[in-house]
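Q: Could you take me through the surroundings of the ligand, with care over what each term means?

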Amino acid sequence: MRECIEFETYIPGRSIDEVKELYGLEKVVKLASNENPYGASPRAIEELRKFTDLHRYPNPEYRELRERLEEYTGWEAERIVIGAGIDGILETLFTMLIEKGDEVVIPVPTFQYYSILARLHCAKEIIVQRGKDFRITEQIIDLLSEKTKLVIIPFPNNPTGNIEDPGLVKEIAESTKAIVFLDEAYIEFADMNLDLDLENVVIARTMSKAFGLANLRIGYARLPEWLVKYYRSASTPFPVSTLAERVAIASLEDIDWMKNCVEKIKSERSKLFGELEKLVEAYPSQANFIFFRSKDGLAEELLRKGVIIRDCRSFGVSGYRVTVGKPDENDFFLQKLKELL
Ligand code: PMP
């Protein structure tokens, strides 16, 4: 094994069946993985059912999907790359950019996979604590060096749900030659996007969240033009299946489904936040989840009552993250939470 292979791996949220079996429960609600509770567009599911070419390899150009994404994002198709989720895109970028000892700047608390990849690539993690309301601060600029290869900025951040000052993000990008990776996994739920187009900025998005396609593993990113050929040579040849590509295209053709889900989730987010504020220390969110602080052990206690939420200790912060579910799921969570507080 390479010396930086560790045994610490990403721990996903528990599944509904697992929890039902563990505690002998009939009703379990999962609000732990930031999924779209309404699922994928019916047109996407129809497309999935039609697919029979399982024996054929995908066409690795993903041209049609990139063209549809150009219509959706306004980004040029030639600069869009497709990967197995944002996770897959990150993995390729690390393979391209990171040599042993290179520095990767990660503002914490945040999504753990950044740190896992940095360690797997023998990088030096430069961990920066976020400031007030979990926003990144100018401190990042002081930490940039010749060895910095990658600066990661999620927008909105997971698990805290906040966005950043766009002016500061631009200033950071202009202060370094390193690649600045803007992770917009939850952008459809936010009031604004960054759309920063510089020669060292990569913006990544996913169809796992708002589009309800988490299981298909479709991520995409806009790269600066000069980086595209390097990305193609570092990526696995067929990161996404044709089945996934077709379903993604059908989802983009039924954009109203996604917009409608996002509207419902945003309206539920606002109701849930209002209720949570009365009970715990809740933080406003621009994503499809809410971060809050409460007593220790709460996630475990809720689990026993059939509600799966995320304990954020593994993100490096004490607190909890609850995904905004359907109205009845959110009510069930609030009812169980009230019983425990
Ligand atoms: N970035 C962030 C901030 C996330 O929270 C997640 C999913 N939990 C991802 C990326 C990974 O998304 P994908 O399903 O596209 O790999």
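A: Ala, Val, Leu, Ile, Met, Phe, Trp, Tyr, Cys and Pro count here as nonpolar, Asp, Glu, Lys and Arg as charged, and the others, Gly among them, as polar. By these classes, the shell around the ligand has five nonpolar, four polar and four charged residues. The model is a predicted one, in which local features need pLDDT of at least 70 and side-chain atom pairs count only at pLDDT 80 or more, while totals for chains, interfaces and linings use all residues. Residues are numbered from 1 along each chain as its sequence is written, and side-chain values use heavy atoms, with hydrogens and water left out.

Of the 13 residues around the ligand (a residue is near a molecule if one of its heavy atoms lies within 4 Å of it), those that come nearest are Asp 183, Tyr 186, Thr 206, Ser 208 and Arg 217. Helix α4, residues 85-97, gives the most to this shell, with three residues; helices here are DSSP runs of H or I with at least four residues, numbered from the N terminus.

Polar contacts are pairs of N or O atoms within 3.5 Å. A polar side-chain atom of Asp 183 lies 2.5 Å from a nitrogen atom of the ligand, whereas for Tyr 186 a polar side-chain atom lies 2.6 Å from a ligand oxygen atom. Asp 87 takes part through its backbone, with an N or O atom 3.1 Å from an oxygen atom of the ligand. On its own the ligand has 400 Å² of accessible area, of which the protein covers 93%, as computed by the Shrake-Rupley method with a 1.4 Å probe.

Technical notes. A polar contact is a pair of N or O atoms within 3.5 Å; within protein, one must be able to donate a hydrogen and the other to accept it, and residues adjacent in sequence count only if both atoms are side-chain atoms. Helices (H or I, at least four residues) and strands (E, at least two) are DSSP runs, numbered from the N terminus.
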